[in-house]
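Subject: Structure handover

Hi,

Here is the structure I promised to pass on to you. Please load it up first, and then read on for what turned up in it.

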Amino acid sequence: MAGYTKKHCRKQIVARERQFNMRPILPAFAGHVPSELKRIYPEAKISRMSSWGGFEDKYRSHFLDPLDPLFATIQKEFLEEQTKLFGTDHIYGADPFNEVAPPSWEPEFFSQLLEAYLSIDDACRSGCYLVTNDMVILY
């Protein structure tokens, strides 16, 4: 497969799924950002996620608060660019807390999180958010 890029392969996979009358679930912006984003957007509400897999702290993920206006901006730009590359079937998945603890366990946080993911509507009016989280309670 020399000469094939990931982008080329992904385009072929999505096209083949559609040939089989399947509707691919493409990713939405889940909120994970590099810590350096805080330098560009100092007012952005970015938190450090819990540790994972025994890796050193320097490898921890950072999370942009879904209620921060920057979240909706990134979501819109991400989906627009992805649609240019792969088209859309209007179903998007995101798993913001895969094997890490969320910044809060309060019910209102999760309610707000859902509202934030509805920002998909800004980029795709007929878009649908598919919850793909395998939330595990960490003790």
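Let me start with the open sheet: it has three strands, ordered β2-β4-β3, and the pairing is antiparallel. The edges are taken by β2 (residues 32–33) and β3, each of which pairs on one side only. Please keep in mind throughout that this is a predicted model. Between β3 and β4, which run antiparallel, there are three bridges. One of the residues to look at here is I46, whose bridge partner in β4 is L64. In general, strands of a sheet pair through backbone hydrogen bonds, in either a parallel or an antiparallel way.

For the wider setting, the protein has five helices and six strands. Following the sequence, you will meet them in the pattern α-β-β-α-β-β-α-β-α-α-β. Of the 139 residues in the protein, 31% are buried.

Next, the loop that connects β3 (46–48) with β4 (62–64), where F55 sits. Which residues make the nonpolar surface patch of about 380 Å²? They are W52, F55 and Y59. F55 has a relative accessible area of 48%, so this residue counts as partly exposed.

Now to the charged side chains. Side chains of opposite charge can pair when their charged atoms come close. The count of salt bridges in the model comes to seven, and three of them may be worth a look.

- R48 and D57: their side chains meet in a salt bridge, at 3.7 Å from N to O. R48 is partly exposed, at a relative accessible area of 45%, and D57 is also partly exposed, at 42%. The pair belongs to a network of salt bridges that links R48, D57 and R60.
- E56 and K58: the N to O distance in this salt bridge is 4.0 Å. Here E56 is exposed, with 51% relative accessible area, and K58 is exposed too, with 61%. For E56 the label rests on the cut-off, because exposed means over 50% relative accessible area.
- E80 and K76: in this salt bridge the closest N and O atoms are 2.5 Å apart. Why are E80 and K76 separated by about one helical turn? Because they are four residues apart in helix α3, which covers residues 69–86. Both ends are partly exposed, E80 with a relative accessible area of 35% and K76 with 32%.

Last, a pocket. Rolling a probe the size of a water molecule over the atoms shows where empty space is left. The second largest pocket holds about 150 Å³ of space. Which elements each supply at least two residues of its lining? They are α1 (6–19), β1 (26–27) and α3. If you want to select the lining residues in your viewer, they are R10, I13, V14, E17, P24, I25, L26, P27, F78, Q82, L85 and F86.

To put the pieces side by side: helix α3 holds the E80 and K76 pair and also contributes to the lining of the second largest pocket. The loop between β3 and β4 holds F55, which shares a nonpolar surface patch with W52 and Y59.

Happy to go through any of this with you once you have had a look.

Best wishes

Note on methods
Residues numbered from 1 in each chain as written. Predicted model: local features only at pLDDT ≥ 70, side-chain atom pairs only at ≥ 80, totals over all residues. Heavy atoms only, no water. Patch = residues over 30% accessible without salt bridge, like charges linked within 9 Å, V, L, I, M, F, W, Y side chains within 5 Å. Areas by Shrake-Rupley, 256 points an atom, 1.4 Å probe, with all protein chains shown as cover. Buried < 20%, exposed > 50% of the residue type's maximum accessible area, 1.4 Å probe, protein only. Pairing = 2+ DSSP bridges. 1 Å grid on protein atoms, 1.4 Å probe; cavity = no way out; pocket = protein on both sides within 12 Å on 5 of 7 lines; lining within 4 Å. Points joined across faces, edges and corners; volume = space filled by probe spheres on them.
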